Amino acid sequence: MSPFLLTRTLPEDATDAALRADVLHGLTRMPKELQPKWFYDARGSELFEEITRLPEYYPTRAEREILIARAPEIAAATRASTLIELGSGSSEKTRHLLDALPALHSYVPVDVSESALTLAAESLLAERPGLSVHALIADFTRGLALPGTPGPRLVVFLGGTIGNLLPGERTAFLTSVHSLLSPGDALLMGTDLVKDEATLVAAYDDEQGVTAAFNKNVLSVIDRELGADFDPADFDHVAVWDSENEWVEMRLRARRALTAKIPELDIAVSFEAGEEIRTEISAKFRREGVRGELAAAGMELRHWWTDEAERFALSLAVAS
């Protein structure tokens with residue numbers, strides 16, 4: 001069996017320190033906000049997997065449809081020997097690309113979760129004993145040093161996760177990706193597309209309330225990790241479409257005036273009735289907007305694929 005290497009580029013306590021910093025900054029500013037990455041503890045990850053199977057939540061199905069249909073074209077366009085996946089998680093969708101790249105030498109999954117990386121690598125190596133896997137425990141939004149692997153390399157960023165970044169953060173992220181690309185390398189990126197408001201809001205506010213539970217779970221994370229006394233029942237889940245910025249916002253709205261104590265940060269956070277915490281933005285894109293953001297980061301859009309209903313897109317770009 002080919003080797004499995006696991007490299008940690010984050011300090012052991014990096015996640016704890018980042019959570020403390022984000023909560024302190026986010027809940028002491030106005031308006032209040034929390035980073036969406038804190039949704040994904042074990043329970044949050046289970047809830048998100050449930051969300052991806054909901055009838056209202058189309059992005060996962062739409063992206064998978066494109067990958068299945070276009071993987072041979074992606075392989076032919078890139079001829080990748082190394083596939084690097086940012087925010088790899090379970091690596092489930094990536095399998096469609098791996099199957100289309102028979103000459104692939106190396107797979108480099110990048111994630112903050114060691115357990116997710118290990119489980120995914122064990123599964124992949126059992127199916128593909130000739131593949132070399134070098135996993136990185138890293139935060140790809142904070143710069144990234146890649147291992148030496150053969151080119152051409154294909155950097156993959158799926159799931160529409162780029163939409164969780166504010167415009168300035170997207171610019172910084174795409175510029176950092178550009179710095180990783182050598183001549184012949186490419187970036188494959190998933191983006192959810194602008195569409196009617198009802199479809200967009202429903203995707204983030206399902207009738208079964210799974211997304212509401214997912215949103216409120218961030219309060220349970222803060223309670224457990226920082227000793228806080230938030231009661232998720234004190235907050236309503238809210239999803240709204242911001243037509244000016246063309247993104248969906250998820251928020252938690254206080255049902256009454258309250259104060260939550262966070263002993264690990266030595267702070268108390270007060271809320272007025274109706275006050276909100278923004279927990280996520282999910283930007284939606286248009287083709288020319290994606291082209292422009294890639295160009296501003298030094299990359300040229302070469303291919304654009306959508307699902308049949310044109311709800312979601314995969315773009316392939318190279319350094320210009």
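# Close-up views of a predicted model

Tyr204 is buried, with a relative accessible area of 6%. The views below show this residue and other local features of the structure, which is a predicted model.

**View A. Phe39 and Phe214 are one of the aromatic pairs in the structure.** A search of the whole structure finds 13 aromatic pairs. In the pair shown here, the ring centres of Phe39 and Phe214 lie 4.5 Å apart. Their planes stand at 40°, so the pair is tilted. Phe39 belongs to the loop between β2 (32-33) and α2 (42-51), while Phe214 belongs to helix α8 (residues 210-226). The two residues are 175 residues apart, and the pair links distant parts of the chain. Both Phe39 and Phe214 are buried.

**View B. Tyr57 and Tyr204 form an edge-to-face aromatic pair.** The distance from centre to centre is 6.2 Å, and the angle between the planes is 80°. Tyr57 is in the loop between α2 and α3 (59-78), and Tyr204 is in the loop between α7 (197-203) and α8. This pair also links distant parts of the chain, its members being 147 residues apart. Tyr57 has a relative accessibility of 8%, so Tyr57 counts as buried, the cut-off being under 20%. Tyr204, at 6%, is buried as well. Phe39, Tyr40, Phe48, Tyr57, Tyr204 and Phe214 form one aromatic cluster.

**View C. Thr52 touches Tyr57.** Thr52 lies in the loop between α2 and α3. With residues up to four places away in sequence left out, Thr52 touches Tyr57, Thr60 and Arg61. Thr52 counts as buried because its relative accessibility is 12%, which is under 20%.

**View D. Helix α1 turns its buried residues to one side.** The helix has 14 residues, which should span 20 Å at 1.5 Å a residue. Its end C-alpha atoms are 20 Å apart, which agrees. The buried residues in α1 are Ala14, Ala18, Leu19, Asp22, Val23, Gly26 and Leu27. They cover an arc of only 150° around the axis, so they are on the same side of α1. The buried residues of α1 pack against β2, α8, β10 (258-262), β11 (267-271) and β12 (276-283).

**View E. Arg20 reaches from helix α1 to Glu264.** Arg20 is found in α1, which runs over residues 14-27. Its relative accessible area is 32%, so Arg20 is partly exposed, a class that lies between 20% and 50%. Leaving aside neighbours within four places in sequence, the contacts of Arg20 are Leu226, Glu264 and Leu265. The side chain of Arg20 comes to 2.9 Å from the backbone oxygen of Glu264. The C-alpha atom of Ile51 is 27 Å from that of Arg20, and these two residues are 31 residues apart along the chain.

**View F. The side chain of Thr28 has polar contacts with backbone oxygens of Leu24 and His25.** Thr28 is in the loop between α1 and β2. Its side chain reaches the backbone oxygen of Leu24 at 2.4 Å. A polar atom of the Thr28 side chain lies 3.5 Å from the backbone oxygen of His25. Thr28 counts as exposed because its relative accessibility is 52%, which is over 50%. The C-alpha atoms of Thr28 and Thr279 are separated by 14 Å, with their positions 251 residues apart along the chain.

**View G. The charged end of Lys32 sits over the ring of Phe271.** The charged end of Lys32 is 4.9 Å from the centre of that ring.

**View H. The bonds before Pro31 and Pro152 are cis.** Most peptide bonds are trans. The bond from Met30 to Pro31 is cis, with omega near -5°. Pro31 has its place in the loop between α1 and β2. The bond from Gly151 to Pro152 is cis too, with omega near -5°. Pro152 is in the loop between β5 (132-137) and β6 (153-157).

**View I. Asp266 and Glu310 have positive phi values.** Most residues other than glycine have a negative phi. Phi of Asp266 is near 55°. Asp266 lies in the loop between β10 and β11, and is exposed, with a relative accessible area of 71%. Glu310 has a phi of about 55°. Glu310 lies in the loop between β13 (299-306) and β14 (312-319), and counts as exposed at 56% relative accessibility.

How values were computed:
Residues are numbered from 1 along each chain as its sequence is written. This is a predicted model: local features need pLDDT of at least 70, side-chain atom pairs count only at pLDDT 80 or more; totals for chains, interfaces and linings use all residues. Side-chain values use heavy atoms; hydrogens and water are left out. Helices (H or I, at least four residues) and strands (E, at least two) are DSSP runs, numbered from the N terminus. Buried means under 20% relative accessible area, exposed over 50%, partly exposed in between (1.4 Å probe, protein chains only). Contact means heavy atoms within 4.5 Å. A polar contact is a pair of N or O atoms within 3.5 Å; within protein, one must be able to donate a hydrogen and the other to accept it, and residues adjacent in sequence count only if both atoms are side-chain atoms. Rings of Phe, Tyr and Trp (its six-membered ring) pair if their centres lie within 6.5 Å; planes under 30 degrees apart count as stacked, over 60 as edge-to-face and the rest as tilted. A charge sits over a ring if NZ of Lys or CZ of Arg is within 6 Å of the ring centre and within 35 degrees of the ring normal. The expected span of a helix is 1.5 Å times one less than its number of residues. The arc is that of the directions from the helix axis to the C-beta atoms.
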